[in-house]
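Hi,

Here is the structure I promised to pass on. Have a look at it first, and my notes on what turned up follow right after.

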Amino acid sequence: MKEDKMNGLRDGSLLRQQGLIDGEWCGGAAGRTIEVIDPATQHVLGSVPDMDGADTRAAIVAAEKAFGPWRAKTHAERAALLEAWHDLMLDNIEDLALILTTEQGKPLTEARGEIRYGASFIKWFSEEARRIGGTTIPSPIADRRIVVLKEPVGVSAIITPWNFPNAMITRKVGPALAAGCTVVIKPSELTPFSALALAVLAERAGIPKGVINIVTGMPAAIGDELMTNQTVRKISFTGSTRVGSLLMRGAADSIKRLSLELGGNAPFIVFDDADLDLAVEGAIASKFRNGGQTCVCANRLLVQSGVYDDFATKLGARVSAMKVGAGTEAGTDIGPMINQAAIEKIKRHVDDAVEKGAKILATAGSMPGGDQYAAPMVLGGATTDMQLASEETFGPVAPLFRFDTEEEAIRIANSTPYGLAAYFYTESLKRSWRVGEALEFGMIGLNTGAISTEVAPFGGVKQSGLGREGAQCGIEEYLEMKSFHIGGL
Ligand code: NAD
């Protein structure tokens, strides 16, 4: 049953409730379905097939069949199809944003931003497709030549989370298709409609059947098949470190290539010599976007003693003015959290912090009814023994840790097994380089809270993952090198 909000779609055919295998929109072999819930109302939005290992095998067979003809297209032909898909995403931005907000919860303005961000990867990699070149290597032997060819990896499994249901797919599928790979996508069971709407547009753009397949449903059976099936040559996963490590183990027997974008625990450091207004702006962007449910969101705000009180007051004023509510309501800053498990984790972190001495310095002025919302808040007096210091809170809670020296800030910042993103604010050139080089993270924001763009490498070190997405290097994750030695010339 369609919820009322979806009646606002200009093009109702973008709301698909079936999987996609070999160009056929279909149910699962076992006939089961799972419901998709609107996190703002808890109403059922609709359902998708709960597919299993047999469905996943069928999708892999379809992707394998489509691989030969797809890789045989010229790079320019693939690029043109990707460009057409990109244009359709932007033409349908309002509908894609409404579907995204309704199943995921983020404010509509952020959902539109995600669609533009998501589409940017398709555009970027349509351009990169034209630039896949190999190299020639001067041979040590006179009558020989050596060239290195770049070839698509093959059938790729794309497994994505609920927090960016559009962009996490396009960041992978863009380079995969540009490189000549075909894909089986397993979107999050919480947010499948955004993935299916993207596939409707891909079909309209003329991307051939079998190049993009989507299996929906609960992860265990689908994941087992994707991990163990010999035809799948590559797994690209974004999600938690726990599942990333499970996939790595599961893929070991068939030696698949892996790209893993996993969890983070980003420090956000404000030094005494920072531009405080800029730092507050950055903290709002980095901490509260998507209600704090982003992998690169500031999890620990480390503030030097000299500016601690001023920073807390300024940030508190902004947080008190935040509007919490349904993402579809005008002016909403913080939407509902994805589900009750998310709410419970946030509550556990706040309770634990308060019990260990943290103080709630500011919180939203008013809250809507319903237990799907978490209050944005600033917590003062956070310490490293609190749960929120070592785990991703994934909610709109900004804990402030006071520090005295640069060495102390770097030590605290790096004392995590994660290494995705880190931010710091200083006006000193020397400190910028010193701290930037000392932080053990894959991405650094210096005097900015915004680091996500298709033009720069995105990814982490330590337990935050393997490989990089976006940028020129993003397409390499879907390409193999073949050395070609020609003798007797
Ligand atoms: P999750 O790991 O629970 O799920 C991610 C995806 O994996 C979902 O599609 C899920 O169904 C699937 N999955 C779960 N178990 C599986 C299995 N056994 N086999 C195959 N697939 C399986 O993560 P989530 O809760 O959806 O997303 C939040 C997490 O994602 C956070 O930790 C966040 O930091 C991380 N994340 C990282 C990035 C990044 O780029 N590094 C971006 C966004 C989110």
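Let's start with Glu-261, which is buried because 27 C-beta neighbours sit inside 10 Å of it, and 20 or more is enough to count as buried. Before you read too much into that, remember that this is a predicted model. I began with Glu-261 as UniProt puts the feature "active site" there, in an unreviewed entry. Along the chain, Glu-261 belongs to strand 11, residues 257-261. If you set aside the neighbours within four places in sequence, the contacts of Glu-261 are Thr-238, Gly-459, Gly-465 and Glu-469.

Glu-261 also turns up around the ligand. There are 27 residues around the ligand, and those that come nearest are Pro-161, Gly-223, Gly-239, Glu-261 and Cys-295. Two elements give two or more residues each to this shell, namely helix 7 (219-228) and helix 8 (241-250). Helix 7 gives the most, with three residues. If you care about the chemistry of the shell, the split is 12 nonpolar, 11 polar and four charged residues. Both domains take part, too: domain 1 (12-262 + 464-483) and domain 2 (266-446) each provide at least three residues of the shell around the ligand.

Helix 7 deserves a second look. Its buried residues are Ile-222, Gly-223, Glu-225, Leu-226 and Met-227. What do the buried residues of helix 7 pack against? Their partners are helix 1 (53-72), strand 7 (155-159), strand 8 (183-186), strand 10 (232-238) and helix 8. Gly-223, then, is one of the residues that come nearest to the ligand and is also buried in helix 7.

Now for the overall layout. The unreviewed UniProt entry carries the annotation "domain: Aldehyde dehydrogenase" over residues 29-483. Within residues 29-483, helix makes up 41% of the chain and strand 21%, and the C-alpha atoms at the two ends lie 43 Å apart. The domain assignment, for its part, gives domain 1 (12-262 + 464-483) and domain 2 (266-446). Taken over C-alpha atoms, the centres of domain 1 and domain 2 are separated by 31 Å. Where the two touch, 15 residues come from domain 1 and 19 residues from domain 2. On the domain 1 side of that contact, helix 3 (93-104) and helix 4 (108-129) each supply at least two residues. Helix 4 has the largest share of that side, three residues. By class, the domain 1 side comes out as seven nonpolar, six polar and two charged residues.

Next, some strands to trace on screen. Strand 15 (residues 377-380) pairs with strand 14 (residues 359-363) through four bridges, and these two run antiparallel. Strand 15 also pairs with strand 16, here in the parallel sense and over three bridges. Leu-379 is a handy marker for both pairings: the bridge partner of Ile-360 in strand 15 is Leu-379, and the bridge partner of Leu-379 in strand 16 is Pro-399. Which way do the residues of strand 15 point? Met-377 and Leu-379 go one way, Val-378 and Gly-380 go the other way, and all of them are buried.

Strand 16 (residues 397-403) is mostly covered as well, with six of its seven residues buried. Strand 13 (residues 298-304) is joined to strand 16 by four bridges, and the two run parallel. To find that pairing quickly, look for Val-303, whose bridge partner in strand 16 is Arg-402.

One last residue to click on is Glu-406. You'll find Glu-406 in helix 13 (residues 406-414). Is Glu-406 buried or partly exposed? Glu-406 is partly exposed, because there are 19 other C-beta atoms within 10 Å, and a buried residue needs 20 or more. Not counting residues up to four places away in sequence, Glu-406 touches Arg-431 and Val-435. The C-alpha atoms of Glu-406 and Gln-304 are separated by 8.5 Å, with those positions 102 residues apart along the chain.

If you open just one view, I'd go for Glu-261 with the ligand, as Glu-261 is among the residues that come nearest to the ligand and has the UniProt "active site" feature, from an unreviewed entry.

Cheers

Notes
Residues numbered from 1 in each chain as written. Predicted model: local features only at pLDDT ≥ 70, side-chain atom pairs only at ≥ 80, totals over all residues. Near = placed C-beta within 6 Å. Nonpolar A, V, L, I, M, F, W, Y, C, P; charged D, E, K, R; others polar. Domains from an automatic or database assignment. Buried ≥ 20, exposed ≤ 12 C-beta atoms within 10 Å, placed from the backbone. Pairing = 2+ DSSP bridges. UniProt positions renumbered as here; feature names shortened; annotations may be inferred. Contact = placed C-beta atoms within 7 Å.
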